[in-house]
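Student: I would like to go through this structure and ask how each label is justified.
Tutor: Then look at it here, and ask.

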Amino acid sequence: MTPGYFEAMQIPVLRGEGFAADDGPNRPLTVVVDEAFARMAWPGEEALGKRVRAAREGAEWRTVVGVVPVTEHEAEMRAAWFLPYYQDAMGPSTEQLHVMVRTTSVTMETLRDLVQQVDPALAVYGTATMAALQRDRTSQDRLGAIVSGVFAAFGLLLAGFSLYGLLSYSVELRTAELGVRMALGASRRAIARLILTQAAARVAAGMVLGVGLAFAANRLLQRAIEGLPWVPVGILVGVCGVLGVVAVVAAAVPAVRATRIDPVRCLRA
């Protein structure tokens with residue numbers, strides 16, 4: 001990495017400092033690590049001033065001069081370090097050079113012209129914006145989210161029909177009871193309130209159990225996937241709200257049917 005990399009990528013240096021323009025091969029070798037690397041290498045200690053080197057023969061020790069937050073890398077990477085380019089940290093390389101440019105108005109064509117002015121022999125290819133790279137990187141995740149959302153919507157629809165069927169069957173079984181209640185003076189509003197209250201109790205019990213299972217599953221996944229956060233409370237509240245609306249709609253039809261019961265016919269039956 002060259003000086004200005006962290007500024008261009010909007011990566012704040014939490015402690016210490018970034019790379020300097022005079023970090024050449026004749027200066028003490030330095031390195032910047034992220035917080036995950038610091039916790040892994042020196043748990044409970046300050047990383048600044050610590051020494052680290054690559055796990056290969058002849059690698060020299062480097063001093064940690066800065067700590068940055070964890071940034072997005074390839075899926076298998078959980079901790080990272082950043083080496084100064086001018087110190088030729090990894091030896092001569094024939095691989096392509098990646099250049100990051102932060103701008104608000106310069107086009108790709110202008111950047112190509114600037115590179116050609118510096119060295120006409122340089123080949124510029126693979127240009128892309130960070131937004132495009134992020135879209136490509138998360139395309140599989142987005143597809144998985146869409147598929148999961150479709151299945152979740154069908155599951156919610158199935159839950160609504162199941163709740164409707166359960167409540168309808170409950171009303172059918174209690175037809176005689178509801179008729180007796182109405183014959184004894186229970187109003188139609190009281191009957192509807194009874195059906196809706198029972199539906200709300202079932203839904204509330206299911207929500208409590210579901211939220212508990214969600215937190216338990218989240219905890220198990222946290223042990224398997226490092227850095228996985230807790231389920232956002234807002235998402236849980238939103239899901240419970242949607243389920244509540246579905247429950248009200250599913251319970252409304254049986255409740256209305258219950259108010260239309262003829263108590264005389266129920267008593268004769």
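Student: What makes E2 and strand E5 (residues 81–82) a pair?
Tutor: Two strands pair if DSSP finds at least two bridges between them. E2 and E5 have two bridges, in the antiparallel sense, so they count as a pair. Valine 33 stands opposite tryptophan 81 in E5. Strands are DSSP runs (E, at least two residues) and helices are runs of H or I with at least four, numbered from the N terminus.

Student: In which sense do E2 and E4 pair?
Tutor: Parallel, over five bridges. Here valine 32 stands opposite glycine 66 in E4.

Student: How do you know that these positions can be relied on?
Tutor: This is a predicted model, in which local features need pLDDT of at least 70, side-chain atom pairs count only at pLDDT 80 or more, and totals for chains, interfaces and linings use all residues. Residues are numbered from 1 along each chain as its sequence is written, and side-chain values use heavy atoms, with hydrogens and water left out. The pLDDT is the predictor's confidence in each residue, from 0 to 100. The protein chain has a mean of 79, with 91% of its residues at 70 or more. Confidence is highest in strand E4 (residues 62–68), at a mean of 90, and lowest in helix H9 (residues 263–268), at 67. Where pLDDT is low, the predicted coordinates should not be read in detail.

Student: Why is strand E2 (residues 30–34) called mostly covered?
Tutor: Buried means under 20% relative accessible area, exposed over 50%, and partly exposed in between (1.4 Å probe, protein chains only). Five of the five residues of E2 are buried. On one side these are Thr30, Val32 and Asp34, and on the other Val31 and Val33.

Student: Is asparagine 218 buried or exposed?
Tutor: Its relative accessibility is 6%, so asparagine 218 counts as buried. Asparagine 218 lies in helix H7 (residues 188–224). Leaving aside neighbours within four places in sequence, asparagine 218 is in contact (heavy atoms within 4.5 Å) with Leu228, Pro229, Trp230 and Val231.

Student: Is glutamine 10 buried or exposed?
Tutor: Its relative accessible area is 56%, so glutamine 10 is exposed. Glutamine 10 sits in the loop between helix H1 (5–8) and strand E1 (15–16). Although not a glycine, glutamine 10 has a positive phi of about 55°.
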